[in-house]
Amino acid sequence: MVELNTTEHYYTGESPSLLWEMTICQSLGDGGGAFARALEKPAAYGRLLGEFLLEETALSRTGGTIIEVGGGYGTLMSGLLQVLSPSRITMIDISTLLLDRQRETLAGISAGTRFVRDDIFTWLARERPESELIILNENCGDFPTLTDIDKQEISSLPTASWLAPGDIPPPGKLTPQQFCAEAARVITTYDLDIIDLPPRFNLNYGALRLLELLAATTINNAFICEHGSDTMLPWPFSLFPSIQPPGNHINPRRISLKDHDEYNIRFDHLEQAAKKLGFTVKRSHLIEMLKLRFDDEIDYLLREGKPESEEQEILLELYEHISEYQVMLLTRA
Ligand SMILES: C[S@@+](CC[C@H](N)C(=O)[O-])C[C@H]1O[C@@H](n2cnc3c(N)ncnc32)[C@H](O)[C@@H]1O
């Protein structure tokens, strides 16, 4: 039976923590720790993201407005502000407690930042904001996922059962009666390939719905980073069996974490939908965005898998963990 996986209970609960997630942004910290030794140019994740955005988009170093969704502990934004000086920042998060952490991290760094406690789906639909950039780092997998969809059942659903655009509730508020109709609507509307999927499959419904809501705003660029279900490692990292993305089998995979589960993202579905919605899309591996080091030490570590010090053990852990991550940049065409 189709179900909806959500993580809202966890993030709006009493003690949401990023401790169990090992997000890449938190792992790299301020760029001075052991994980950052993996980088060609050790720096905070947000700083490297800022440099990447300046290279890949028409974003200017000063001025402009930035929205960050689900900013966790505020670490990404604090690094980003080493490179960019936007005229306005909006941090939006479903978690009051994490929003408080963001306030603490950014105190003194970014006066005038707006902190909004809301579900991104409700907020985008209501505000239809204008902005140069929206950042979604490691949260699309938290957004509602439709699981255990029966291929045959949705293929035979009449379009009359679909919801009209104005009647679609936030993904987390879909009723079981609406699950199949919404799955059929997005698959048909964006011509998503499901032939290669097993008879019962999972769909990143929340992430796809987010793209629809973004298309109805005047946000110029969107940056998305998340675990991917269809990730290929770039060369030379592709040569090492020990770090191939786990279970690379297209169907979004459940990732069990403390008190909540998320799903990795089928990026080719997001790319297909984003293009149909009028965005220009660039996709790459997070290893390329962060410019991970590849030299004799790393070659030996990845080939032999035998760290000779605690530092090397930490390095290897990062290469193994990062292998599944993709980044996607959407620009209004
Ligand atoms: C896995 S954490 C990622 C934190 C941070 N971006 C990082 O990379 O370290 C997910 C973040 O998204 C937020 N979040 C999850 N679902 C959300 C929603 N529907 N609307 C707004 N924020 C949400 C969580 O509260 C949390 O801050």
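## Close-up views of a predicted model

**View 1. Leucine 4 faces leucine 146, which lies in strand 6.** This is a predicted model, so please read each view with that in mind. The two strands in this view, strand 1 and strand 6 (residues 145-150), run antiparallel and are joined by three bridges. As background, the strands of a sheet pair through backbone hydrogen bonds, either parallel or antiparallel.

**View 2. Strand 1 and strand 6 belong to an open sheet of three strands.** Read across the sheet, the order is 1-6-7, with antiparallel pairing. Strand 1 (3-5) and strand 7 (200-203) are the edge strands, and each of them pairs on one side only. From one strand to the next, the twist averages 25 degrees.

**View 3. The ligand sits among 23 surrounding residues.** Which residues are the closest to the ligand? They are Tyr11, Thr23, Gly70, Gly72 and Ser95. Two elements, helix 2 (24-28) and strand 3 (88-93), each give two or more residues to the shell around the ligand. Sorted by class, that shell holds ten nonpolar, eight polar and five charged residues.

**View 4. Seven strands make up an open sheet with mixed pairing.** Try following the strands in the order 4-3-2-5-8-12-11. Strand 4 (114-117) and strand 11 (279-285) stand at the edges with a single partner strand each, so one side of each has no neighbour in the sheet. The twist in this sheet averages 15 degrees from one strand to the next.

**View 5. Strand 3 pairs with strand 4 in the parallel sense.** How many bridges link strand 3 and strand 4? There are four bridges. To find one residue pair here, look for isoleucine 92, whose bridge partner in strand 4 is valine 116. Elsewhere on this sheet, helix 10 packs against it and touches strand 11 and strand 12 (325-332). The direction of helix 10 makes about 160 degrees with that of strand 11.

**View 6. Helix 9 (residues 205-215) and helix 10 (residues 267-276) have axes that come within 10 Å.** Two packed helices are described by the angle between their axes and the distance between the axes. Here the axes cross at roughly 20 degrees, and helix 9 and helix 10 are therefore roughly parallel to each other. The crossing of helix 9 past helix 10 is right-handed. On the helix 9 side, Ala207, Leu208 and Leu211 meet His269, Leu270, Ala273 and Ala274 of helix 10. The residues of this contact comprise six nonpolar, one polar and no charged.

Technical notes: Residues numbered from 1 in each chain as written. Predicted model: local features only at pLDDT ≥ 70, side-chain atom pairs only at ≥ 80, totals over all residues. Pairing = 2+ DSSP bridges. Axes fitted to C-alpha atoms, helices over the stretch in contact; angles between N-to-C directions. Near = placed C-beta within 6 Å. Nonpolar A, V, L, I, M, F, W, Y, C, P; charged D, E, K, R; others polar. Parallel < 35°, antiparallel > 145°, perpendicular 65-115°, else oblique. Left-handed = near helix turned anticlockwise from the far one by under 90°. Contact = placed C-beta atoms within 7 Å.
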